[in-house]
Amino acid sequence: MSTPASFFRLARAGLTLARAGVFRDVDPSIAPAPARLPLALAKFLARRPKRGAPASGLSELPAAISALGPSYVKLGQFLATRPDVVGPEVVRALERLQDRMAPFPREVAVKTVEQAFDRPIGEVFVSFSEPVAAASIAQVHKARTRTPDGERDVAVKVLRPGVERRFRRDLGDMFAAARLAERLSPDMRRLKPVEVIDSMARSVRMEMDFRLEAAAASEFGENVAQDKDFGAPNVDWDRTAREVLTLEWVEGRPLSDVAGLRASGADLPRLGRVLIQSFLLHAMRDGFFHADMHPGNLFVTADERLVAVDFGIMGRLGYKERRFLAEILYGFITRDYLRVAQVHFEAGYVPRAHRVEDFAQAIRAIGEPIHARAADQISMARLLTLLFEITGLFDMKTRTELVLLQKTMVVVEGVGRALDPKLNMWTTAEPVVGAWIERNLGPRGKIEDAGRAARALGDFAAALPATLLRGEALLQRVEEMADEGLELSASAVESVGAAVGRGARLGHIALWIIAFAVVVLLLR
């Protein structure tokens, strides 16, 4: 892939966003100098909003990103988990993105299955339906398998053909844009756009290998196996490969069909409580939670159990993060703001340069207005959002795993309130959070903490001799460098010079390509 072609595609994507009015509200005077002229042109190219439509350009952002294709939809969904990068207003707009695409033909899916298992489709499945759902990365078919116990229905997820090549090309474009942004703007270097795109690239690569999703579904299923109100489909490992995932078929009504659930006599308030409590239980008890719990990924069975599907996006929390989450939620429930502040300092999330009492005061400013509201107006997701905004004032670095948890909680809480508008988040969460606190921070928990500390100390003692030897070798190398100096070979010096020169040339070429594309569109 040539870099000029990459920047030409980026210019076309930028113009699509500009025509939609996405940059209408951006003030060019606060932008880096190299971006001011493109922003002014973007404002000039923006279409006027339709009569009665919101004036904000962010209202058009989801539709504009969807028009750019699946890679940009995934980028938007990923950035919706990074308010530290794009800001809370952009995050709220990105949350409306829908990952839906037209299905590809059944014949193409059949060919993918046959290549994955090197067998005719009839030897893998007894029957294989037309697609029943389609998204940017894959689509789902209902199929039937034959086992020693008889025939059974399964859901077969098939990778979209050509999607890996398309994502690879678009990710290359995004990396080029991120590197250019870091080169041109010191402010952008602070936001680390290359690191952001790299994180998304790793996430997408994992999502496109269905063996990893199968492993996530299997682990999640083991965690919830004894839960009476929540379940997960079993994995058919014999019919799962890199491009094909086969799961037990879930018979039930999607949680998005609220009217149908109500007509069937389902207890909607109970389902809302089960959803909230199950999510918190998975996050705090297991440290492994479903991070894409929109209502289309949740089904209600005939016995009113919730069953989750689509395990491409999962979140993990270590014991430290789980303790942090439980203590801050319990602290807000009991209005113990000093304890909430102390938890942040004990976890090392807030630098010791700040005072605990000042931080507790800021947290009180969040908690008291929430407690003053009626019970059915309290939002735990909003609480965490405000908490993350306040912690930014105290130099707390963004914890990606906690941001993903917060974003999932926004979705889960929204689904819960759709089922029961009067849902009381505090009374719903308190049994789960309180039980975890009692189990892990009470006397039994303190004994287990002591055991963990003893094991850690033993591991450190066992590794100490090897660590000392490595330290001695490293010190010797440093002393040799101090005596003899650090030398670079001629080829290394030549490579560094070539890289610097190439970077400068590419930056100028990119700017000329973008300017040329804008002029061509203006003349059309």
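Q: How many helices and strands does the secondary structure of the chain come to?

A: In this predicted model, the chain has 22 helices and 10 strands.

Q: What share of the residues in the chain is buried, and how is that term to be read?

A: A residue is called buried when its relative accessible area is under 20%. By that cut-off, 43% of the 524 residues in the chain are buried.

Q: What can be said about the area that the chain exposes?

A: The exposed area is about 27800 Å², and carbon and sulfur atoms supply 57% of it.

Q: What share of the contacts in the chain joins residues 24 or more positions apart?

A: The count begins with contacts at a separation of 6 or more; of these, 69% are between residues 24 or more positions apart.

Q: How do the axes of α15 and α16 cross?

A: A crossing is read from how closely the two axes approach and from the angle between them. For α15 (residues 319-334) and α16 (residues 337-346), the axes come within 8 Å and cross at roughly 165 degrees. Angles over 145 degrees count as roughly antiparallel, and α15 and α16 are therefore roughly antiparallel to each other. The crossing of α15 with α16 is left-handed.

Q: Which residues meet where α15 passes α16?

A: From α15 come F324, E327, I328, G331 and F332; from α16 come Y337, R339, V340, V343 and H344. Sorted by class, this contact of α15 with α16 holds six nonpolar, two polar and two charged residues.

Q: Is α16 mostly covered or mostly open, counting its buried residues?

A: Mostly covered: of the 10 residues in α16, seven are buried. They are Y337, R339, V340, A341, V343, H344 and F345. Five residues that meet α15, namely Y337, R339, V340, V343 and H344, also appear in this buried set. Just after α16, G348 has a positive phi of about 80 degrees.

Q: How does the crossing of α4 and α11 read?

A: The procedure is again to take the approach of the axes, then the angle. The axes of α4 (residues 70-79) and α11 (residues 193-207) come within 10 Å, and they cross at roughly 115 degrees. Roughly perpendicular covers 65 to 115 degrees, and that makes α4 roughly perpendicular to α11. This crossing of α4 and α11 is right-handed.

Q: Which residues of α4 and α11 meet?

A: K74, L75, F78 and L79 in α4 are in contact with V196, I197, S199, M200 and E207 in α11. The classes in the contact of α4 with α11 are six nonpolar, one polar and two charged.

Q: Which residues have a positive phi although they are not a glycine?

A: The residue type is checked alongside the angle. E304, which is not a glycine, has a positive phi of about 60 degrees. Its place is in the loop between β8 (298-300) and β9 (306-308). D310, also not a glycine, has a positive phi of about 65 degrees, and D310 lies in the loop between β9 and β10 (314-316). As for exposure, E304 is partly exposed at a relative accessible area of 21%, and D310 is partly exposed at 27%.

Q: Where is T246, and is T246 buried or exposed?

A: Position along the chain and accessibility are read separately. T246 sits in strand β5 (residues 244-248). With a relative accessible area of 0%, T246 is buried. Leaving out residues up to four places away in sequence, T246 touches F125, V154, A155, V156, N234, V235, D236, R239 and T240.

Q: What surrounds F104, and where does F104 lie?

A: F104 belongs to the loop between α6 (88-94) and α7 (106-117). F104 counts as buried, at 7% relative accessibility. Residues up to four places away in sequence aside, F104 touches A109, P131, Q139, V158, L159, R160 and P161. One of these, P131, is 27 residues from F104 along the chain, with 8.1 Å between their C-alpha atoms.

Q: How far apart are E357 and Q342 in sequence and in space?

A: E357 and Q342 are 15 residues apart in sequence, and their C-alpha atoms are 8.9 Å apart. E357 is found in α17 (residues 356-371). At a relative accessible area of 46%, E357 is partly exposed.

Terms used
Residues numbered from 1 in each chain as written. Predicted model: local features only at pLDDT ≥ 70, side-chain atom pairs only at ≥ 80, totals over all residues. Heavy atoms only, no water. Axes fitted to C-alpha atoms, helices over the stretch in contact; angles between N-to-C directions. Helix = DSSP H or I, 4+ residues; strand = E, 2+ residues; numbered from the N terminus. Parallel < 35°, antiparallel > 145°, perpendicular 65-115°, else oblique. Left-handed = near helix turned anticlockwise from the far one by under 90°. Contact = heavy atoms within 4.5 Å. Nonpolar A, V, L, I, M, F, W, Y, C, P; charged D, E, K, R; others polar. Buried < 20%, exposed > 50% of the residue type's maximum accessible area, 1.4 Å probe, protein only. Areas by Shrake-Rupley, 256 points an atom, 1.4 Å probe, with all protein chains shown as cover.
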